[in-house]
Amino acid sequence: MRARDLAVEYESVRVDDDALEAARLMAEHQLPGLLVLDRNGEPKAILPASQVIKALVPGYVIEDPALAAVIDEKHADRLCEALRGRRVGDLLSDKAARPPIADPDDTALEVAALMAQARSPLVAVARRDKAGLYLLGVITASQLLHRLLGYAEPHE
């Protein structure tokens, strides 16, 4: 099984897209993260849902989680306002690494090694040519695990 056979369409956003819309996309599709593309449409980073949640929570609550208990529901409901007017790129960590990119001809084991090495829940599958990088799709960790376990014989 090659990476091109495992790649599926996956939600992606661009660095200049609206952060609130990206959060809604994540929530609507119950995604653990989004693939972030640069202005040229090439994979730039993975935006984990946990990073979006971190942008919602006030810094003083992150420093002292006990303070969360004193915030009433009315104020907690307004947390999403922290994303208003912000771009996806604003939510990326300064340490955000470029997502792992597999060649379409890579085997499932090569993809697994790449994913494990990068500790990434997603691997982009892309073909490079003179014009640049052409994104074919994404392989998720759960999808790859499902495929690898599908080939394993059950023990009785």
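Q: Why does Arg119 count as exposed?
A: A residue is called exposed over 50% relative accessible area, buried under 20% and partly exposed in between (1.4 Å probe, protein chains only), and Arg119, at 78% relative accessibility, therefore counts as exposed. This is a predicted model, in which local features need pLDDT of at least 70 and side-chain atom pairs count only at pLDDT 80 or more, while totals for chains, interfaces and linings use all residues. Residues are numbered from 1 along each chain as its sequence is written, and side-chain values use heavy atoms, with hydrogens and water left out.

Q: Where is Arg119 placed, and what is notable about its phi?
A: Arg119 sits in the loop between helix H7 (108–118) and strand E5 (122–129), where helices (H or I, at least four residues) and strands (E, at least two) are DSSP runs numbered from the N terminus. Its phi is near 50°, a positive value in a residue other than glycine. Most residues other than glycine have a negative phi.

Q: Is Ser120 buried or exposed, and which residues does it touch?
A: With a relative accessible area of 10%, Ser120 falls under the 20% limit and is therefore buried. Ser120 also lies in the loop between H7 and E5, and, with contact meaning heavy atoms within 4.5 Å, it touches Ile46, Pro100 and Met115, not counting residues up to four places away in sequence.

Q: Why does Gln30 count as exposed?
A: Gln30 has 72% relative accessibility, which is over the 50% limit, so it counts as exposed. Gln30 lies in the loop between H2 and E2, and its phi, near 50°, is positive although the residue is not glycine.

Q: What makes strand E2 mostly covered?
A: Five of the five residues of E2 (residues 33–37) are buried. Gly33, Leu35 and Leu37 point one way from the strand, Leu34 and Val36 point the other way, and all are buried. In a regular strand the side chains alternate between the two faces of the sheet.

Q: How do you know that E2 and strand E3 pair?
A: Two strands pair if DSSP finds at least two bridges between them, and E2 and E3 (residues 43–48) have five bridges in the antiparallel sense, so the condition is met. Leu34 stands opposite Leu47 in E3, and in the hairpin of E2 and E3, with five residues between the strands, Gly41 takes a positive phi near 85°. On the parallel side, three bridges join E1 (residues 12–14) to E2, with Val36 as the bridge partner of Val13.

Q: Why is one side of E1 and of E3 left without a neighbour in the sheet?
A: The three strands form an open sheet in the order E1-E2-E3, with mixed pairing. E1 and E3 stand at the edges, each with a single partner strand, so one side of each has no neighbour in the sheet. Neighbouring strands are turned by 35° against each other on average, direction ignored, axes being lines fitted to C-alpha atoms, for helices over the stretch in contact, with angles from 0 to 180 degrees between N-to-C directions. H2 packs on this sheet, touching E1, E2 and E3, and its direction makes about 140° with that of E2.

Q: Why is the β-α-β unit of E1, helix H2 and E2 called right-handed?
A: A crossover is right-handed if, with the strands pointing away from the viewer, the path from the first strand over the helix to the second runs clockwise; E1, H2 (residues 19–29) and E2 make such a unit.
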